[in-house]
Amino acid sequence: MDTQKQLKEESYINNCAWNAVYLGGEWYLINLGLDDPITTTGKEALSYTYFNVTDEQASNLTAITSRLPGIPKCTGTKYCLSKVQADLEADGLWEKSSYNIIDKILDKYGLSVVLISIGLILLLVVMFIKNIHKSRSKKKKEKVKKTKTTVLTTQSWMQS
């Protein structure tokens, strides 16, 4: 009971289920929930970021091996993602992840924040272009002002 209370009080522990799996004599971590993200765009997406990873690879996400008693060290490499992917690709069974950088940005910041950011960037670009145009127009006017002009009247022209 003390361990559960301690885990609830520690705000940096993820609220998701990690599974320790034993394959071919080695332990791995896997989180199927994080690899099937719910995107803000509603796009069906798959990710393989948390598939058969080691404690070290998951260290920035959670510290379950040091927090919960009885969880084995997960250091397996025989069935890590790159190995499984290579085997599945060779058999023509690998499905590439449809979760791209745009999905990640939208999920992290939300659609409204992304749209507002794009709008602000476009506004800054338009202001920059207007400023360049204004500067060029001003330089042209100054150049015209500095140009000496001589007006010849018909009388002064005929006398020459």
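**Exercise 1. Determine which residues of H4 and H5 meet, and how the two helices are arranged.**

Solution. Ile105, Leu106 and Tyr109 of H4 are in contact with Leu111, Val113 and Val114 of H5, where contact means heavy atoms within 4.5 Å. The model is predicted: local features need pLDDT of at least 70, side-chain atom pairs count only at pLDDT 80 or more, and totals for chains, interfaces and linings use all residues. Residues are numbered from 1 along each chain as its sequence is written, and side-chain values use heavy atoms, with hydrogens and water left out.

Next, classify the residues of this contact: 6 are nonpolar, none is polar and none is charged. Here Ala, Val, Leu, Ile, Met, Phe, Trp, Tyr, Cys and Pro count as nonpolar, Asp, Glu, Lys and Arg as charged, and the others, Gly among them, as polar.

Finally, consider the geometry. Helix H4 (residues 101–109) packs against helix H5 (residues 111–146) at about 105°, and their axes are 6 Å apart. The axes are lines fitted to C-alpha atoms, for helices over the stretch in contact, and angles run from 0 to 180 degrees between N-to-C directions. H4 is therefore roughly perpendicular to H5 (65 to 115 degrees).

**Exercise 2. Describe the surroundings of Asn52.**

Solution. Asn52 lies in the loop between strand E2 (26–30) and helix H2 (64–67); helices (H or I, at least four residues) and strands (E, at least two) are DSSP runs, numbered from the N terminus. With a relative accessible area of 4%, Asn52 is buried. Buried means under 20% relative accessible area, exposed over 50%, and partly exposed in between (1.4 Å probe, protein chains only).

The side chain of Asn52 comes to 2.7 Å from the backbone oxygen of Tyr79. Leaving aside residues up to four places away in sequence, Asn52 touches several residues, including Val21, Tyr28, Gln57, Tyr79 and Val84.

**Exercise 3. Locate Gly25 and state its exposure.**

Solution. Gly25 is in the loop between strand E1 (19–23) and E2. At 48% relative accessibility, Gly25 is partly exposed. Its C-alpha atom is 8.3 Å from that of Gly76, although the two residues are 51 residues apart along the chain.

**Exercise 4. Place these details within the whole chain.**

Solution. The chain holds 6 helices and 2 strands. From the N terminus on, the order of elements is α-β-β-α-α-α-α-α. Of its 160 residues, 19% count as buried. Among contacts between residues at least 6 apart in sequence, 57% join residues at least 24 apart.

Note on methods
A polar contact is a pair of N or O atoms within 3.5 Å; within protein, one must be able to donate a hydrogen and the other to accept it, and residues adjacent in sequence count only if both atoms are side-chain atoms. Angles under 35 degrees count as roughly parallel, over 145 as roughly antiparallel, 65 to 115 as roughly perpendicular and the rest as oblique.
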